[in-house]
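Reader: Hi! I'm new to this, could you walk me through a structure?
Author: Happy to, here it comes.
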Amino acid sequence: MTRPTVLLVEDNPVNLELAKDVLENYGFEVLSATNGLEALEAAEKAPPRLILMDLQLPVMSGIAVIERLKANELTAHIPIVAVTAFAMSTDETRARAAGCVGFITKPINTREFPQQVNKFLDMEVQKTT
Ligand code: MN
C-alpha cells in the first residue's frame with residue numbers, strides 16, 4: 001500500500017537523502033525541494049499531505065516559506081512540521097506562530113522518524129473526521 005505524499009524541504013543533500021530514504025523505505029511517496037521557491041512551486045503544483053520544513057534554508061528562511069504557504073489559498077490547508085537542528089524555544093514559538101503543527105529535531109532518529117511523521121498525519125486525519 002502506498003502511503004501519503006510528503007514534501008521534504010531540506011537544503012543539505014546528505015540530510016535530504018537520508019530522510020528521503022527512510023520515508024521511502026517506509027512506503028511514503030516523497031517529493032523534495034532544496035530551497036523555498038522550489039518548495040512553494042512543488043506545494044502548489046501537487047499539494048502533498050504533509051510538508052517537512054527545514055527552518056535553516058538559504059535565501060528564504062523556513063519561517064518565510066511557511067508564512068507564504070499559509071497565505072496562499074492553494075497551500076494553506078497543508079500541515080507543516082518544522083525540522084530543525086536548533087531546537088530552541090524561540091524557533092518553536094516562531095514556527096508555531098507561522099502555522100506549523102509540530103516539530104522534529106535534527107539529526108533525525110532513523111528508527112523513529114517514520115512514526116513521528118505518521119503521528120502528524122494521523123492528527124490531521126482526526127481533525128477532519
Ligand atoms: Mn538547512
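Author: One term before we start: donors are N, O and S atoms within 2.8 Å of the metal (3.2 Å for Na, K and Ca), and water is not among the atoms, so sites may look incomplete. This is a predicted model, where local features need pLDDT of at least 70, side-chain atom pairs count only at pLDDT 80 or more, and totals for chains, interfaces and linings use all residues. Residues are numbered from 1 along each chain as its sequence is written, and side-chain values use heavy atoms, leaving out hydrogens and water.

Reader: Cool, what coordinates the manganese ion?
Author: Asp11 (OD), Asp54 (OD) and Gln56 (O) do, at 2.0 to 2.2 Å. Along the chain, the donors follow the spacing D-x42-D-x1-Q. Asp11 is in the loop between strand 1 (5-9) and helix 1 (13-26), and Gln56 is in the loop between strand 3 (50-54) and helix 3 (62-71), so the pair ties together parts 45 residues apart in sequence. Helices (H or I, at least four residues) and strands (E, at least two) are DSSP runs, numbered from the N terminus.

Reader: And where is Asp54? Buried or exposed?
Author: Asp54 sits in strand 3 and is buried, at 2% relative accessible area. Buried means under 20%, exposed over 50%, and partly exposed in between (1.4 Å probe, protein chains only). Asp11, at 32%, is partly exposed, and so is Gln56, at 28%.

Reader: New topic: which residues does Asp54 touch?
Author: Leaving aside residues up to four places away in sequence, Asp54 touches Val9, Glu10, Asp11, Gly62, Val83 and Lys106; contact means heavy atoms within 4.5 Å.
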